[in-house]
Structure formats: structure tokens, C-alpha cells
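Here are a few notes to read alongside the model. Have the viewer open while you go through them.

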Amino acid sequence: MELSTLWFLLIGVLFVGFVFLEGFDFGVGMATRFLARNELEKRVLINTIGPHWDANEVWLLTAGGAMFAAFPHWYATVFSGFYLPFVVLLLALIARGVAFEFRGKQETKQWRTIWDLAIFLGSILPPFLLGVLFTCFIQGLPVDEHMNMHANFFDIVNLYTVTGGLAFVLLTYMHGLMFISLKTTGELRENARNTALKMHLLSGMVVVLFTILTAFNTDAFSDKGWILIPVYSVAIILYLVLYPLLVKGKEGWSFTVTSLILVLVTSSFFITLFPNVVISTIGDANNISIAEAASGNYSLGIMTIVALTMVPIVLGYTIWSYYIFRKRVSHNEHLEY
Amino acid sequence: MELILARIQFASTTIFHFIFVPISIGLAFIIALMQTLYLVKKNDMYKKMAKFWGKLFLINFAVGVVTGIIQEFQFGMNWSDYSRFVGDVFGAPLAIEALLAFFMESTFIGLWIFGWDRLPKKIHLLSIWLVSIGTMLSALWIMAANSFMQNPVGYTITNGRAEMNDFFAVITNEKLLVAFPHTIFASLATASFLVIGISAWNLLKKRDVDFFKKSIHITLIIGLISSLGIAFSGHSQAKYLVTAQPMKMAAAEGLWEDSGDPAAWTLFANIDVEQKVSNTRIDIPYLLSYLSYGKFEGKVEGMNTIQAKYEKLYGEGDYIPPVKTTFWSFRIMVAAGGLMILLALVGLIQYWRKKIDVSTKLLKWLIFAISLPFIANTSGWIMSEIGRQPWVVNGLMLTTDGISPNVSAGSILFSLIAFSVIYTLLAIVMVYLFIRVIKKGPNDMDKEDVTSTDPFSVGRVG
């Protein structure tokens, strides 16, 4: 395999890891508004992701850094082309990040209200924006012959991309609810599961709508149907299987299923892109291929060595940290946040 | 217009980010040290110290992390042509920084915050040390990237861009070797003076005297060592500048024509950029030769000479950076650094004479001294980055050529205003929370823990 293809794969894996891990953080953040009924439940929810959300966010930073290093043109085209959405994404991530730390520092109501809002917006906007952006990638964007993107509002915001954004919000919310059912006790745990049951139909309809729109708006199923039709089908079958799992209260399996769905959906974007990193709507000649966007082989080789050494270590201590905090969080014990 | 706005945004977000970064780097180390003393000496006072300063550390760390996210993205957002040109070399250290440092600090800070009762003491101590090492590794890699902008090495120009051909050269860049220790010492000093100042305030108020005397003792020692370290590593920076970035050096000296031999160091000058002269100079003989070469002889090239050379090398153009800014930011940095050495030394002497808690005047000075490292850090970075102009990569790419061609002035203005507003709010909240924690003092911390374990005390802080 070419090194550039390997790095395309690695960046895909980083985004998949990010959506899988930070996905439940976003879902839990949304749940602080929709699920928690009082202050104590809110705090329990925040504490379930307390030790992890920061490290989970690093998956996104690493993906961004890896894009810069391995595919400077991809990084430059995407980040400058989506300038304003990225500004909003950054503001949302900033607000969420400090809110976790700041919210518990003072007891007044207004103080809590401000940071609760920051946590909520900071948890619902990023998955929405990322869903929109990923959908934009496969829909194609006006990229000129100098690799610069000149997207207007409706290139980025249209029925298809907004559906993609909503699908991401709903799927990460379901994923977060599953995480909550695994990490809490008592009523909170019950309510998380029941809410997921209630959400099941609505979210499912959005996911199906997204699949249909993908068929109409992209060449995904005609060009790479041999792999993408199975990927989407498995995702939808898994989604159907989720319902009986929820009814029976199989929390571990439910979480596994929402994880797999997010993994499949996120992977599908990268499969659709391949062998390009940017699809241009101006003309196929303006597509940016993996090879065109990539850094030189020397640089990629160095980074491959670093990544192959470091990734197992990072995965090792990440898993260890989840093992340390494997216990359910309850209001009967010390809550840090 | 786009260029000016993008530069203002990069400068302001970076300067703001670097208020919190050195505190995080320095405090993580100081707290790790305190917690080590707790385990070695089995004295609960040190545990209290780690927890109390840890509270400030965590508030600061959160702001440092979120303001850092912007840094990772804005090369691509605002400087896409720069990113295309240097990504092959410059991107690698950034990606490695994330993989090597960000994961480490973020995972182990979670383990440290939530691990007080869950982890064995030694593993918990190891966590904070790994956070400390993580913050320093992060500095190493981002400095490696910055060093490439100052002194590009380890690359060839292929396919119209800089491509890496020697990774070892990139990470042993002479600039990196002098700038990295300088930054780490500066970070240790920044955090030390923060702890020193807060302790001084409490000693003045006679609150928790034992606790803050111990805190001030540790940090006066670290503060003095690191301030001296800053001076020595700063000196090696100057020696590096003369050979690798002579234009920056000449601008920092307001030196238009070549100096005499031996060269005098200018303490003060009235710089006239139009006429290209520096009037009413106050010179200290021999000193510039010493700073540049480590001996009392040798002349230093002036800006006019270097400009003529560069015109031959790079073609027509103005290669002189903003001289006054470079000149004065350098002097402000040196003055602040000098005061830091002096105050840490006097403080330590008074401590050893057992008079620190009654030296009212000194304590007031030490409170004021909290600001000194920030002044020095900021002016140091301004000198380094303004002095690099008009280049974004020294000798390779002009700042004008690095900008994103597809991002409008309106978009940048919007983001500049948005980031400025949110950063201002962050700063206000952070100062407010710092004051709250400090006023509460180190003894109330545990009380909170008791109430928050009570399920009926809804709304108590944990």
C-alpha cells in the first residue's frame, strides 16, 4: 500500500475514533438538557464523562494535525473553505470545554444557567456541524483549479447536508443515552433507556432519509455500491436490532450497536471519498486525489514510524483509564464536577 | 485588508493562548513536585498544597486547552497557502505533538483529577508527572514547528513547496535547541511567580501562614533557578540570532549601520525609521559583542548592510522588520527578566533570614511581580515574531504570500470579533474564579468534599 493511502486510512480511523468516543460525550452533554430533571442528575451526567471528554476531543485535534502533516492540500482546502462553520465549531468547543470545569465553581443559579447553556450548545452544535461538513465532502464542493474552495451558503447548508447534521446529532444522542445507561444507576439509568426507546423511530426516519438523499445526491451507491450498499444496510439492520435490545434492557449490547452504527456511518464518508480527498462540483479535473494532496514519502515515512510506535501506547493507556473509571457514577459518592 | 486582519487575529489569539500555556507547564511541574514531597515526607501539608494550587491549575488548564484548539486549526483557516507550502515539514511536528503530548496530558489529567481516591498513591503521583512531561513535550514539538519558521532546515524545495528530507535536522534545529530551554524556564518562572505572588498576598494578610510560607519557599527556589536559566538560555538565543537571523538581531538593536568593534549595546535610543537613524542613544560599551559572540570583541552587521545583501539574494523589497517594536519589546523583556532575578533572590534571602512574612514591602513587590513573567513572555514573543517579518518562513516565504486567498475580510473580521469577545469573557471569568479560590484559601477545600457527598445537599459544589 502507498504511504499516502495508509495515511488516508489512518485519518479515517482518527475521525471514526473521534465520533465513537466524543460521540457519547456530545450525547451526554445533550442529555444534561433533555434527560436530567434536577441539578444532581446533571452533575452525575457530567461526571460520567468527566475523566474522558478532554482526551476524546484530542482525537479530533490529532485528525486535524494529521491532515495538516500528511495532506497539506486537504487541510488547507477544507479549513479555509469552511471558514465560518469552523469558527462556530471552535466557539462551541471552547464554550463546552471551559463549562465542564467552571460550572461547579459557584453555587448561584445564574452561574449554572450560563454554563449549562454552554455545555448544551457545545454538545449539540459540534455533531451537527461535523455531520454537515462530512455530508458536504461527499456531496462535493465548488473547488477551483487552484484547490481553493469558494462555497456559498447553500453549498454548505441544504436539505441533504442538514439531514446529515441532524442524523449525527440524533445518533450521538442515542449513543450518549446508551453510555449513560451503562454508567449510572437508578432512575437515571432507566430514563436513559426509555428515552432512547422513544427516540428510536424518529432517529431511524432521519437516518433512512439521509440514506435516500445520499442515493440521489452522490454517486456513492452507483460507483461503490459493492461496498457502500452493504455498509448502509448493515447500519440500518443494526439500527433495527437496537429496538429489541433496548426493550430487553441489554445495555452493553445496545451501546455496542450504537457504537458500530457511528463507526459505519463515519467510515462510509471516507469510503465514498476514496481515492479523492476533495470532490469538486466544478469538474472532475478539480477533484483533489489522495496522491495530489499528500506530503512527500519521506515525511509520511517518518510519521508512520511515530504513529506505529505511539498509537498502541495511546490506546493502551486510554483503555486503562476507562478501566479505572469503570464503576457506575452515582449521587451517593463524591462528585468532582 | 485580509492580511492585516488575519495577522491581528493570529497574533492576538496566540498571545492570549500563551498567557495560559506557561502557567500550565510551570504549575504542572510545581504541583508534581509538591505531591512528590507529600509522598516522600508523608506531611499532609504538601497534599493540601498540591490540591490548592491544583485548583488554580485546573481552571487555567481548561482555558489553555480550549484556546489551543484554535491554534491547531487556524493555519488552515487563515493561512492556507502557507499550509500548502510548509505542511510537509511543519505539519509533522504538529501531528506528533497531538499524538505524543495531547493524548498524554488529557488522559492523565483526567486520572489525576478523578483519581485522588481511586488510584494507588504512587500511580496517582505518576499521573501528574505524566501531565507535566506531556505539557513539556507539547512545548517541544510546537517549538520545533516554530523554529522551522525562524530557521528553516531539513527540507528541499520540491513540487513548489518545502518538503522534509531530514527529520533529525528539524528536531535538532539550532533555533529549537536555544528556544526550547528558554521557553521551559520562562514557563517555570511564570508559574513560580504566580504562586509566589498569591502566597505573598496571603502572608500579608497573615492567612494560613505556614501553608503559604512553604509554598513561597519552594517557588522562590524554582523562580530563582528558572529566572537565571532564562537569562543564560536567552544569551544563547542572541548568539544564535547573530548568525541565523542577523536582521532580527540588528532590528532588536536599532542598528542601522554596522557596529564598531567591539560593539556597544544600546540601552535606549530614539529610532527614526524614516531617516533610518537611531538618535540620542545610551550605549553600554562591549556588551553587544559579548551578547553576540560571548567575548568582548567582534562587530555586528547593521540593517542597511543586511538589506543590501537580501536585495541581491531575494530581489527588490523591504526586508527590515518593524524596528521600534522589535527594539522595545526586546528591552521590555530583558528589564522584566532582570527584575524577576532580583526579586526572587531578595525573596529567598529574606526567607532564609526567616523574615519573609514580615517584609511587608517585599511582599507587595512580589504580588506585583506576578505580572512580570507575562510582560516578559509576551514581549519576547512579539520580538521573535515581529522581528521575523516580512517573512512567514525566514528567507523562504513572505507573510503576504501565506494567506488564504478564498477567505474574505468580512469573514476574518467576524471571527476576530467573535474570538475577541469570547476570549475577553474567558479572561474575566478566569480572574474571577482565581480570586474566589484564593480568597477561600487552602482549608475550605475539604469541607466542600464532605457536603458534596451528601445526596440531599443538592447544588453544593464538589
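1. Start with what "contact" means here: two residues touch if their C-beta atoms, placed from the backbone, lie within 7 Å. By that test, chain A and chain B each put 63 residues into the contact between them. This is a predicted model, where local features need pLDDT of at least 70, side-chain atom pairs count only at pLDDT 80 or more, and totals for chains, interfaces and linings use all residues. Residues are numbered from 1 along each chain as its sequence is written, while chains are lettered from A and ligands numbered from 1 in the order in which they are written.

2. Now look at chain B's side of that contact. Helices (H or I, at least four residues) and strands (E, at least two) are DSSP runs, numbered from the N terminus. α3(B) gives the most, with 23 residues. By class, chain B's side has 37 nonpolar, 18 polar and eight charged residues. Here Ala, Val, Leu, Ile, Met, Phe, Trp, Tyr, Cys and Pro count as nonpolar, Asp, Glu, Lys and Arg as charged, and the others, Gly among them, as polar.

3. Chain B splits into domain 1 (2-244 + 325-450) and domain 2 (246-321), with bounds from an automatic or database domain assignment. Their C-alpha centres lie 30 Å apart. Where they touch, domain 1 of chain B supplies 14 residues and domain 2 of chain B 15 residues. On the domain 1 side, α7(B) has the largest share, five residues.

4. Over to chain A, which has 14 helices and two strands. Its radius of gyration, 20 Å, is close to the 20 Å that the globule rule gives for 337 residues, so chain A is as compact as a globular protein of that length. (The radius is taken over C-alpha atoms; the rule is 2.2 Å times the number of residues to the power 0.38.)

5. Find the cis peptide bonds. One joins A:F274 and A:P275, with omega about 0 degrees; A:P275 sits in the loop between α12 (251-273) and β1 (276-278) of chain A. Another joins B:Q389 and B:P390, with omega about 5 degrees.

6. Which residue in the loop between α1 (2-41) and α2 of chain B should you check? B:K42: its phi is near 50 degrees, a positive value in a residue other than glycine. B:K42 is exposed, with 9 other C-beta atoms within 10 Å. (Buried means 20 or more such atoms, exposed 12 or fewer, partly exposed in between; C-beta atoms are placed from the backbone.)
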